[in-house]
Amino acid sequence: SRSLLHKKLVALTNQSATEFMNQIRLRRAAELLKSSDMNISEVAWAVGFNDPKYFSRVFLKFFGQSPSQFLNK
C-alpha cells in the first residue's frame with residue numbers, strides 16, 4: 001500500500017517518496033548536463049520535470065548551485 005511504502009522509504013532513506021524520486025531525477029539530470037549538449041529545459045523534461053522553473057529551484061536546493069552554474073563548471 002502507499003502508506004507502507006512511505007513508511008519503509010522513510011525508514012531506509014529518511015526521505016519522503018517525493019524527495020527520494022527528486023534526488024534520483026536530479027542526479028540523472030546532473031549526468032545529462034555534464035555529458036550531453038542538451039539545454040536545461042530539455043534536461044528537465046528528460047528526467048521527468050514538467051516545469052523548468054521548478055526544476056531549477058529544486059536543483060539549486062539539492063546541489064547548492066543553479067543548473068546554469070553547474071553547466072559552466
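## Helix H4 and its aromatic neighbours

Start with the length of H4: at 1.5 Å a residue, its 12 residues should span 16 Å, and the end C-alpha atoms do sit 16 Å apart, so the two agree. Keep in mind that this is a predicted model.

Which residues of H4 are buried? Phe 55, Val 58 and Phe 59 are. They take up an arc of only 105 degrees around the axis, which puts them on the same side of H4. That buried set packs against helix H2 (17–35), helix H3 (40–46) and helix H5 (67–72). Flip to the face turned away from the buried side and you find the exposed residues Lys 53, Arg 57 and Lys 61. Just past the end of H4, Gly 64 has a positive phi of about 80 degrees.

Now for the rings. The count comes to seven aromatic pairs. Two of them are set out here.

| Pair | Ring centres | Plane angle | Type |
|---|---|---|---|
| Phe 49 and Tyr 54 | 5.9 Å apart | 50 degrees | tilted |
| Phe 55 and Phe 59 | 5.6 Å apart | 50 degrees | tilted |

In the Phe 49 and Tyr 54 pair, Phe 49 is buried at 3% relative accessible area, while Tyr 54 is partly exposed at 33%. Phe 55 and Phe 59 are both buried. These two lie in H4 (residues 52–63), four residues apart, or about one turn of the helix. Residues three or four places apart in an α-helix point the same way because there are 3.6 residues a turn.

Zooming out, Phe 49, Tyr 54, Phe 55, Phe 59, Phe 62, Phe 63 and Phe 70 make up one aromatic cluster. Phe 49 has a charged partner too: the charged end of Arg 25 sits over its ring, 5.6 Å from the centre.

Terms used. Residues are numbered from 1 along each chain as its sequence is written. This is a predicted model: local features need pLDDT of at least 70, side-chain atom pairs count only at pLDDT 80 or more; totals for chains, interfaces and linings use all residues. Side-chain values use heavy atoms; hydrogens and water are left out. Rings of Phe, Tyr and Trp (its six-membered ring) pair if their centres lie within 6.5 Å; planes under 30 degrees apart count as stacked, over 60 as edge-to-face and the rest as tilted. Buried means under 20% relative accessible area, exposed over 50%, partly exposed in between (1.4 Å probe, protein chains only). A charge sits over a ring if NZ of Lys or CZ of Arg is within 6 Å of the ring centre and within 35 degrees of the ring normal. The expected span of a helix is 1.5 Å times one less than its number of residues. The arc is that of the directions from the helix axis to the C-beta atoms. Contact means heavy atoms within 4.5 Å.
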